[in-house]
Amino acid sequence: PYPMYEAVRSAQPVMYVEPLQLWSVFRYDDVKMVLSDHARFSSGPGGPPAAAGGPPNGDGFSLVTTDPPRHTDLRSLVNRAFTPKAVAALEPRIEQITHELLDQVSGTGQIDLVHDFTYPLPVIVIAELLGVPSNDRDRFKEWSDEVVASADAVIGGSHDKGKQANDEMNEYFRGIIAERRKAPREDLISSLIAVEEGAFRLSETDILSFCRLLLVAGNETTTNLIGNAVLSLLENPGELEKLRSNPDMLASTIEEVLRFRSPIQAMFRTAKEDVELRGQVIPKGSKVIAWIGSANRDEAKFADPARFDIARDPNPHIAFGHGIHFCLGAPLARLEAKVALTAILDRLPELRRENDEPLEPARGFIVHGVKSLPLRFNPTT
Ligand code: HEM
(Lines give C-alpha, C1' and ligand atoms only; values in the text may rest on other atoms or scores of the structure.)
Protein backbone atom coordinates (compact mmCIF):
# COMPACT_ATOMS: atom_id res chain seq x y z
CA PRO A 1 0.00 0.00 0.00
CA TYR A 2 2.96 2.33 0.57
CA PRO A 3 3.37 3.85 -2.90
CA MET A 4 -0.38 4.56 -2.91
CA TYR A 5 -0.17 6.27 0.49
CA GLU A 6 2.74 8.37 -0.67
CA ALA A 7 0.89 9.52 -3.77
CA VAL A 8 -2.30 10.47 -1.93
CA ARG A 9 -0.45 12.13 0.96
CA SER A 10 0.72 14.75 -1.44
CA ALA A 11 -2.12 14.83 -3.99
CA GLN A 12 -5.25 14.23 -1.88
CA PRO A 13 -4.44 13.94 1.81
CA VAL A 14 -8.13 14.23 2.72
CA MET A 15 -10.14 12.25 0.22
CA TYR A 16 -13.75 11.21 -0.19
CA VAL A 17 -13.96 7.66 -1.55
CA GLU A 18 -17.28 7.66 -3.37
CA PRO A 19 -17.89 3.92 -3.85
CA LEU A 20 -17.29 3.20 -0.16
CA GLN A 21 -18.86 6.47 1.03
CA LEU A 22 -15.91 7.00 3.29
CA TRP A 23 -13.58 9.89 4.02
CA SER A 24 -9.91 8.93 4.12
CA VAL A 25 -7.22 10.84 5.96
CA PHE A 26 -3.57 10.13 5.22
CA ARG A 27 -1.20 12.66 6.83
CA TYR A 28 0.38 12.10 10.23
CA ASP A 29 -1.06 15.21 11.91
CA ASP A 30 -4.55 14.58 10.55
CA VAL A 31 -4.57 10.88 11.47
CA LYS A 32 -3.44 11.67 14.99
CA MET A 33 -6.09 14.37 15.31
CA VAL A 34 -8.92 12.14 14.01
CA LEU A 35 -7.91 9.31 16.37
CA SER A 36 -7.72 11.48 19.45
CA ASP A 37 -10.35 14.21 18.96
CA HIS A 38 -13.25 12.27 20.42
CA ALA A 39 -15.35 15.42 20.75
CA ARG A 40 -15.58 15.62 16.96
CA PHE A 41 -14.93 12.02 15.90
CA SER A 42 -16.92 9.26 17.56
CA SER A 43 -15.70 5.68 17.96
CA GLY A 44 -19.27 4.59 18.53
CA PRO A 45 -21.18 2.09 16.45
CA GLY A 46 -21.31 3.29 12.92
CA GLY A 47 -17.83 2.50 11.73
CA PRO A 48 -17.53 -1.10 10.59
CA PRO A 49 -17.42 -2.95 13.90
CA ALA A 50 -15.06 -5.54 12.47
CA ALA A 51 -12.48 -2.95 11.71
CA ALA A 52 -12.92 -1.39 15.10
CA GLY A 53 -12.58 -4.77 16.75
CA GLY A 54 -16.06 -4.53 18.22
CA PRO A 55 -18.27 -7.49 18.99
CA PRO A 56 -19.96 -8.70 15.78
CA ASN A 57 -23.49 -8.60 17.11
CA GLY A 58 -23.05 -5.42 19.05
CA ASP A 59 -24.04 -6.83 22.44
CA GLY A 60 -22.35 -5.68 25.59
CA PHE A 61 -19.65 -3.10 25.74
CA SER A 62 -16.58 -2.82 23.72
CA LEU A 63 -14.06 -0.29 24.94
CA VAL A 64 -12.94 0.41 21.47
CA THR A 65 -16.40 1.39 20.19
CA THR A 66 -17.46 3.48 23.20
CA ASP A 67 -17.11 7.25 23.65
CA PRO A 68 -16.73 9.23 26.88
CA PRO A 69 -18.18 9.40 29.44
CA ARG A 70 -18.82 5.64 29.41
CA HIS A 71 -15.42 4.91 27.89
CA THR A 72 -13.73 6.79 30.73
CA ASP A 73 -15.39 4.60 33.38
CA LEU A 74 -14.82 1.35 31.55
CA ARG A 75 -11.24 2.11 30.70
CA SER A 76 -10.32 3.05 34.24
CA LEU A 77 -11.82 -0.18 35.55
CA VAL A 78 -10.08 -2.29 32.96
CA ASN A 79 -6.79 -0.43 33.49
CA ARG A 80 -6.85 -1.50 37.11
CA ALA A 81 -7.03 -5.14 36.19
CA PHE A 82 -4.75 -4.97 33.18
CA THR A 83 -1.81 -3.40 34.97
CA PRO A 84 1.79 -3.21 33.77
CA LYS A 85 2.65 -5.37 36.76
CA ALA A 86 0.16 -8.07 35.73
CA VAL A 87 1.61 -8.00 32.23
CA ALA A 88 5.25 -8.09 33.37
CA ALA A 89 4.44 -11.07 35.57
CA LEU A 90 3.62 -13.03 32.42
CA GLU A 91 7.17 -12.86 31.09
CA PRO A 92 8.43 -16.23 32.40
CA ARG A 93 5.35 -17.99 31.02
CA ILE A 94 5.67 -16.25 27.66
CA GLU A 95 9.28 -17.44 27.55
CA GLN A 96 8.26 -20.98 28.37
CA ILE A 97 5.52 -21.07 25.73
CA THR A 98 7.90 -19.55 23.18
CA HIS A 99 10.50 -22.23 23.81
CA GLU A 100 7.94 -25.02 23.71
CA LEU A 101 6.81 -23.84 20.29
CA LEU A 102 10.39 -23.60 19.02
CA ASP A 103 11.30 -27.01 20.49
CA GLN A 104 8.85 -28.53 18.04
CA VAL A 105 10.75 -27.26 15.00
CA SER A 106 14.34 -26.63 16.05
CA GLY A 107 15.56 -30.06 14.91
CA THR A 108 13.89 -29.88 11.49
CA GLY A 109 15.55 -26.84 9.94
CA GLN A 110 12.24 -25.45 8.73
CA ILE A 111 9.39 -23.44 10.12
CA ASP A 112 6.32 -21.69 8.83
CA LEU A 113 6.80 -18.84 11.21
CA VAL A 114 3.13 -17.87 11.13
CA HIS A 115 1.54 -21.29 11.43
CA ASP A 116 4.06 -22.75 13.85
CA PHE A 117 4.84 -19.77 15.99
CA THR A 118 3.43 -16.25 15.66
CA TYR A 119 -0.14 -17.47 15.38
CA PRO A 120 -0.35 -19.83 18.37
CA LEU A 121 1.74 -17.72 20.76
CA PRO A 122 -0.65 -14.79 21.40
CA VAL A 123 -3.72 -17.02 21.71
CA ILE A 124 -2.03 -19.15 24.35
CA VAL A 125 -0.88 -16.03 26.18
CA ILE A 126 -4.35 -14.48 26.24
CA ALA A 127 -5.89 -17.76 27.38
CA GLU A 128 -3.37 -17.83 30.19
CA LEU A 129 -3.94 -14.19 31.09
CA LEU A 130 -7.67 -14.74 31.34
CA GLY A 131 -7.17 -17.90 33.33
CA VAL A 132 -8.55 -20.45 30.88
CA PRO A 133 -7.51 -23.91 32.10
CA SER A 134 -4.92 -25.46 29.83
CA ASN A 135 -7.01 -28.52 28.94
CA ASP A 136 -9.61 -26.13 27.46
CA ARG A 137 -6.98 -24.34 25.41
CA ASP A 138 -7.85 -26.02 22.11
CA ARG A 139 -11.52 -25.11 22.30
CA PHE A 140 -10.53 -21.61 23.23
CA LYS A 141 -8.34 -21.35 20.16
CA GLU A 142 -11.15 -22.54 17.88
CA TRP A 143 -13.51 -19.95 19.30
CA SER A 144 -10.92 -17.30 19.04
CA ASP A 145 -10.41 -18.08 15.33
CA GLU A 146 -14.15 -18.00 14.74
CA VAL A 147 -14.56 -14.71 16.53
CA VAL A 148 -11.74 -13.12 14.57
CA ALA A 149 -13.03 -14.55 11.26
CA SER A 150 -16.57 -13.45 11.99
CA ALA A 151 -15.52 -9.97 13.01
CA ASP A 152 -13.97 -9.80 9.57
CA ALA A 153 -17.09 -11.15 7.87
CA VAL A 154 -19.24 -8.33 9.22
CA ILE A 155 -18.20 -6.31 6.20
CA GLY A 156 -18.56 -9.20 3.80
CA GLY A 157 -21.68 -11.06 4.87
CA SER A 158 -22.93 -13.71 7.23
CA HIS A 159 -21.33 -14.67 10.48
CA ASP A 160 -23.48 -17.57 11.62
CA LYS A 161 -20.52 -19.67 12.67
CA GLY A 162 -19.10 -16.70 14.48
CA LYS A 163 -22.38 -16.24 16.31
CA GLN A 164 -22.37 -19.87 17.36
CA ALA A 165 -18.80 -19.56 18.60
CA ASN A 166 -19.77 -16.41 20.48
CA ASP A 167 -22.67 -18.18 22.17
CA GLU A 168 -20.52 -21.15 23.14
CA MET A 169 -17.79 -18.92 24.40
CA ASN A 170 -20.21 -16.80 26.43
CA GLU A 171 -21.58 -19.90 28.06
CA TYR A 172 -18.11 -21.15 28.82
CA PHE A 173 -16.97 -17.84 30.31
CA ARG A 174 -20.17 -17.50 32.33
CA GLY A 175 -19.12 -20.76 33.97
CA ILE A 176 -15.62 -19.47 34.67
CA ILE A 177 -16.96 -16.17 36.02
CA ALA A 178 -19.27 -18.04 38.38
CA GLU A 179 -16.37 -20.16 39.61
CA ARG A 180 -14.09 -17.18 40.12
CA ARG A 181 -16.79 -15.31 42.03
CA LYS A 182 -16.77 -18.15 44.53
CA ALA A 183 -13.03 -18.72 44.52
CA PRO A 184 -10.94 -15.91 43.00
CA ARG A 185 -7.57 -16.73 41.48
CA GLU A 186 -4.61 -14.77 40.21
CA ASP A 187 -6.07 -14.12 36.78
CA LEU A 188 -7.59 -11.31 34.77
CA ILE A 189 -11.17 -12.55 35.09
CA SER A 190 -10.90 -12.57 38.87
CA SER A 191 -9.49 -9.03 38.79
CA LEU A 192 -12.25 -7.85 36.48
CA ILE A 193 -14.87 -9.24 38.86
CA ALA A 194 -13.23 -7.59 41.85
CA VAL A 195 -12.51 -4.20 40.38
CA GLU A 196 -14.81 -1.32 41.27
CA GLU A 197 -14.78 2.41 41.21
CA GLY A 198 -17.28 4.37 43.22
CA ALA A 199 -20.62 2.81 42.50
CA PHE A 200 -19.46 1.43 39.19
CA ARG A 201 -18.56 -2.21 38.57
CA LEU A 202 -18.35 -4.39 35.51
CA SER A 203 -21.37 -6.57 34.86
CA GLU A 204 -21.12 -10.12 33.63
CA THR A 205 -22.03 -8.93 30.12
CA ASP A 206 -19.26 -6.34 30.31
CA ILE A 207 -16.71 -8.96 31.26
CA LEU A 208 -17.84 -11.32 28.52
CA SER A 209 -17.61 -8.61 25.88
CA PHE A 210 -14.20 -7.59 27.13
CA CYS A 211 -12.93 -11.17 26.82
CA ARG A 212 -14.11 -11.25 23.21
CA LEU A 213 -12.52 -7.88 22.50
CA LEU A 214 -9.19 -9.15 23.80
CA LEU A 215 -9.39 -12.04 21.35
CA VAL A 216 -10.03 -9.80 18.38
CA ALA A 217 -7.73 -6.96 19.37
CA GLY A 218 -4.87 -8.94 20.81
CA ASN A 219 -4.26 -11.93 18.62
CA GLU A 220 -3.78 -11.20 14.98
CA THR A 221 -2.13 -7.88 15.75
CA THR A 222 0.59 -9.53 17.81
CA THR A 223 0.94 -12.36 15.28
CA ASN A 224 1.64 -9.77 12.62
CA LEU A 225 3.97 -7.66 14.73
CA ILE A 226 6.31 -10.62 15.27
CA GLY A 227 6.04 -11.82 11.65
CA ASN A 228 6.57 -8.31 10.29
CA ALA A 229 9.64 -7.96 12.51
CA VAL A 230 11.26 -11.14 11.20
CA LEU A 231 10.42 -10.23 7.63
CA SER A 232 11.78 -6.70 7.95
CA LEU A 233 15.03 -7.98 9.50
CA LEU A 234 15.50 -10.63 6.80
CA GLU A 235 14.93 -8.03 4.11
CA ASN A 236 17.46 -5.71 5.74
CA PRO A 237 20.49 -7.88 6.57
CA GLY A 238 22.54 -4.84 7.61
CA GLU A 239 19.98 -4.00 10.29
CA LEU A 240 19.85 -7.65 11.39
CA GLU A 241 23.62 -7.64 11.82
CA LYS A 242 23.43 -4.41 13.77
CA LEU A 243 20.84 -5.94 16.08
CA ARG A 244 22.86 -9.12 16.56
CA SER A 245 25.88 -7.14 17.69
CA ASN A 246 23.76 -4.76 19.82
CA PRO A 247 21.00 -6.81 21.47
CA ASP A 248 20.00 -3.79 23.52
CA MET A 249 18.61 -2.31 20.32
CA LEU A 250 15.76 -4.81 20.40
CA ALA A 251 13.28 -2.36 21.92
CA SER A 252 13.94 0.28 19.27
CA THR A 253 13.81 -2.43 16.58
CA ILE A 254 10.30 -3.36 17.71
CA GLU A 255 9.24 0.30 17.63
CA GLU A 256 10.63 0.61 14.11
CA VAL A 257 8.70 -2.47 12.96
CA LEU A 258 5.54 -0.95 14.43
CA ARG A 259 6.19 2.16 12.36
CA PHE A 260 7.50 0.52 9.22
CA ARG A 261 4.91 -2.25 8.92
CA SER A 262 2.08 -1.21 11.23
CA PRO A 263 0.02 -4.31 12.09
CA ILE A 264 -3.15 -2.21 12.06
CA GLN A 265 -3.17 0.08 9.07
CA ALA A 266 -6.34 2.01 9.76
CA MET A 267 -9.05 2.80 12.31
CA PHE A 268 -12.57 4.11 11.81
CA ARG A 269 -14.44 7.06 13.27
CA THR A 270 -17.71 8.90 12.58
CA ALA A 271 -17.79 12.70 12.32
CA LYS A 272 -20.03 14.14 15.04
CA GLU A 273 -20.19 17.55 13.35
CA ASP A 274 -19.03 19.16 10.10
CA VAL A 275 -15.24 19.21 10.26
CA GLU A 276 -13.10 21.35 8.02
CA LEU A 277 -9.78 19.79 7.16
CA ARG A 278 -7.28 20.99 4.54
CA GLY A 279 -9.89 23.03 2.74
CA GLN A 280 -12.54 20.34 2.63
CA VAL A 281 -15.59 19.78 4.77
CA ILE A 282 -16.18 16.32 6.17
CA PRO A 283 -19.94 16.42 6.77
CA LYS A 284 -21.50 15.43 10.08
CA GLY A 285 -22.33 11.71 10.13
CA SER A 286 -19.58 10.71 7.67
CA LYS A 287 -17.49 7.63 8.21
CA VAL A 288 -13.82 8.47 8.37
CA ILE A 289 -10.81 6.18 8.01
CA ALA A 290 -7.61 7.35 9.68
CA TRP A 291 -4.72 5.67 7.87
CA ILE A 292 -2.19 4.80 10.57
CA GLY A 293 -0.02 2.96 8.03
CA SER A 294 0.30 6.12 5.97
CA ALA A 295 0.82 8.43 8.96
CA ASN A 296 3.75 6.29 10.08
CA ARG A 297 5.43 6.80 6.69
CA ASP A 298 4.72 10.54 6.44
CA GLU A 299 7.84 12.31 5.17
CA ALA A 300 6.72 15.44 7.03
CA LYS A 301 7.24 13.57 10.30
CA PHE A 302 9.87 10.89 9.64
CA ALA A 303 13.16 11.41 7.84
CA ASP A 304 13.65 8.85 5.08
CA PRO A 305 10.39 7.08 6.01
CA ALA A 306 10.76 4.15 3.61
CA ARG A 307 14.00 3.13 5.30
CA PHE A 308 13.89 0.45 7.99
CA ASP A 309 16.19 1.92 10.60
CA ILE A 310 16.37 0.08 13.93
CA ALA A 311 18.19 3.02 15.52
CA ARG A 312 15.52 5.57 14.56
CA ASP A 313 15.25 8.16 17.31
CA PRO A 314 12.87 9.77 17.98
CA ASN A 315 10.22 7.45 16.63
CA PRO A 316 6.81 8.93 17.44
CA HIS A 317 4.83 6.32 15.49
CA ILE A 318 1.12 5.92 16.20
CA ALA A 319 0.81 2.19 15.52
CA PHE A 320 -1.02 1.74 18.85
CA GLY A 321 -3.29 4.71 18.19
CA HIS A 322 -3.32 7.96 20.12
CA GLY A 323 -5.38 9.51 22.92
CA ILE A 324 -8.01 7.89 25.10
CA HIS A 325 -8.25 4.72 23.00
CA PHE A 326 -4.48 4.15 23.00
CA CYS A 327 -3.96 0.39 22.83
CA LEU A 328 -4.56 -1.24 26.17
CA GLY A 329 -2.43 -4.21 25.15
CA ALA A 330 0.66 -2.27 24.02
CA PRO A 331 2.85 -3.42 26.95
CA LEU A 332 1.81 -7.02 26.35
CA ALA A 333 2.40 -6.82 22.59
CA ARG A 334 5.86 -5.30 23.16
CA LEU A 335 6.71 -7.95 25.74
CA GLU A 336 5.62 -10.83 23.51
CA ALA A 337 7.59 -9.40 20.61
CA LYS A 338 10.70 -8.99 22.76
CA VAL A 339 10.60 -12.53 24.11
CA ALA A 340 9.75 -14.02 20.72
CA LEU A 341 12.44 -12.19 18.75
CA THR A 342 15.12 -12.93 21.33
CA ALA A 343 14.33 -16.64 21.11
CA ILE A 344 14.02 -16.70 17.32
CA LEU A 345 17.39 -14.99 16.81
CA ASP A 346 19.00 -17.22 19.38
CA ARG A 347 17.57 -20.59 18.40
CA LEU A 348 17.14 -20.49 14.62
CA PRO A 349 20.68 -20.01 13.21
CA GLU A 350 21.16 -18.80 9.64
CA LEU A 351 17.50 -17.95 9.39
CA ARG A 352 16.46 -17.29 5.78
CA ARG A 353 13.48 -17.25 3.45
CA GLU A 354 12.66 -20.65 1.98
CA ASN A 355 12.36 -19.11 -1.48
CA ASP A 356 11.85 -15.74 -3.10
CA GLU A 357 8.19 -16.28 -3.94
CA PRO A 358 6.07 -13.22 -3.13
CA LEU A 359 4.29 -13.63 0.21
CA GLU A 360 0.54 -13.64 0.39
CA PRO A 361 -0.74 -10.73 2.46
CA ALA A 362 -3.03 -11.28 5.46
CA ARG A 363 -6.69 -10.64 4.73
CA GLY A 364 -8.26 -7.23 4.27
CA PHE A 365 -6.74 -3.77 4.19
CA ILE A 366 -6.77 -3.11 7.92
CA VAL A 367 -4.63 -5.95 9.15
CA HIS A 368 -1.08 -5.86 7.82
CA GLY A 369 1.03 -8.99 7.75
CA VAL A 370 1.55 -12.21 5.81
CA LYS A 371 -0.56 -15.36 5.77
CA SER A 372 2.41 -17.64 5.92
CA LEU A 373 6.17 -17.19 6.22
CA PRO A 374 8.12 -20.36 5.32
CA LEU A 375 11.70 -20.13 6.58
CA ARG A 376 14.77 -22.33 6.80
CA PHE A 377 17.57 -22.41 9.34
CA ASN A 378 20.35 -24.70 10.46
CA PRO A 379 18.79 -27.42 12.60
CA THR A 380 19.93 -27.73 16.18
CA THR A 381 19.49 -30.61 18.57
C1 HEM B 1 -6.78 -0.42 20.95
C2 HEM B 1 -3.21 -1.57 17.86
C3 HEM B 1 -2.13 -5.50 20.53
C4 HEM B 1 -6.07 -4.70 23.20
C5 HEM B 1 -5.87 -0.37 19.91
C6 HEM B 1 -5.77 0.71 18.94
C7 HEM B 1 -4.79 0.36 18.07
C8 HEM B 1 -4.25 -0.91 18.49
C9 HEM B 1 -4.34 1.16 16.85
C10 HEM B 1 -6.57 2.01 18.93
C11 HEM B 1 -7.95 1.85 18.35
C12 HEM B 1 -8.66 3.16 18.15
O13 HEM B 1 -8.09 4.26 18.31
O14 HEM B 1 -9.85 3.14 17.76
C15 HEM B 1 -2.61 -2.72 18.34
C16 HEM B 1 -1.41 -3.30 17.76
C17 HEM B 1 -1.11 -4.41 18.53
C18 HEM B 1 -2.11 -4.51 19.56
C19 HEM B 1 -0.67 -2.76 16.55
C20 HEM B 1 0.03 -5.40 18.41
C21 HEM B 1 1.12 -5.16 17.79
C22 HEM B 1 -3.09 -5.61 21.50
C23 HEM B 1 -3.12 -6.62 22.53
C24 HEM B 1 -4.25 -6.40 23.26
C25 HEM B 1 -4.91 -5.24 22.71
C26 HEM B 1 -2.06 -7.72 22.73
C27 HEM B 1 -4.80 -7.14 24.45
C28 HEM B 1 -4.37 -8.22 24.97
C29 HEM B 1 -6.59 -3.48 22.79
C30 HEM B 1 -7.79 -2.89 23.40
C31 HEM B 1 -8.00 -1.67 22.75
C32 HEM B 1 -6.92 -1.52 21.77
C33 HEM B 1 -8.64 -3.51 24.51
C34 HEM B 1 -9.13 -0.67 23.00
C35 HEM B 1 -8.69 0.40 23.96
C36 HEM B 1 -9.73 1.49 24.12
O37 HEM B 1 -10.60 1.65 23.27
O38 HEM B 1 -9.67 2.19 25.15
N39 HEM B 1 -4.92 -1.33 19.62
N40 HEM B 1 -3.01 -3.47 19.41
N41 HEM B 1 -4.17 -4.78 21.65
N42 HEM B 1 -6.10 -2.63 21.84
FE43 HEM B 1 -4.49 -3.00 20.70
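Pro69 lies in the loop between helix α3 (49-52) and helix α4 (70-81), where helices (H or I, at least four residues) and strands (E, at least two) are DSSP runs numbered from the N terminus. The peptide bond that leads from Pro68 to Pro69 is cis, with omega near 5°. A cis bond also joins Asp313 to Pro314, with omega near 0°. Pro314 is placed in the loop between α16 (292-295) and α17.

The structure is a predicted model, in which local features need pLDDT of at least 70 and side-chain atom pairs count only at pLDDT 80 or more, while totals for chains, interfaces and linings use all residues. Residues are numbered from 1 along each chain as its sequence is written.

**The chain as a whole**

The protein chain contains 17 helices and twelve strands. Its radius of gyration is 21 Å, close to the 21 Å that the globule rule gives for 381 residues, so the chain is as compact as a globular protein of that length. This radius is taken over C-alpha atoms, and the globule rule is 2.2 Å times the number of residues to the power 0.38. Along its principal axes, the C-alpha trace spans about 60 × 60 × 35 Å.

Of the 381 residues, 44% count as buried. A residue is buried if 20 or more other C-beta atoms lie within 10 Å of its own, exposed if 12 or fewer, and partly exposed in between, with C-beta atoms placed from the backbone. Two residues are in contact if their C-beta atoms, placed in this way, lie within 7 Å. Among contacts between residues at least 6 apart in sequence, 71% join residues at least 24 apart.

**The core and helix α13**

In soluble globular proteins, nonpolar side chains tend to be buried together. A nonpolar core is a set of buried Ala, Val, Leu, Ile, Met, Phe, Trp, Tyr and Cys residues joined through C-beta atoms within 7 Å. The largest such core here has 96 residues, and those with the most contacts inside it include Val25, Ala229 and Trp291. Helix α12 (residues 204-218) provides the largest share of this core, nine residues. Leaving aside residues up to four places away in sequence, Ala229 touches Ile254, Val257, Ala337 and Leu341.

Helix α13 (residues 220-235) is largely enclosed by the rest of the structure, because 13 of its 16 residues are buried. At 1.5 Å a residue, its 16 residues should span 22 Å, and its end C-alpha atoms are 22 Å apart, which agrees. The expected span is 1.5 Å times one less than the number of residues.

**The ligand shell**

The ligand is surrounded by 25 residues, and the closest are Gly218, Thr221, Gly321, Cys327 and Gly329. A residue counts as near if its C-beta atom, placed from the backbone, lies within 6 Å. Helices α12, α13 and α17 (330-347) each supply at least two residues of this shell, and α12 gives the most, with four.

**Hairpin and exposed loop residues**

Strands β1 (residues 14-17) and β2 (residues 22-25) run antiparallel and are joined by four bridges; strands pair if DSSP finds at least two bridges between them. Val14 has Val25 as its bridge partner in β2. The two strands form a hairpin with four residues between them, and Gln21 in the turn has a positive phi of about 50°.

Three loop residues that count as exposed are compared below.

| Residue | Loop | C-beta neighbours inside 10 Å |
|---|---|---|
| Pro19 | between β1 and β2 | 5 |
| Asp304 | between α16 and α17 | 9 |
| Glu350 | between α17 and β11 (352-353) | 8 |

Asp304 has a positive phi near 50°, and the phi of Glu350 is positive at about 55°.
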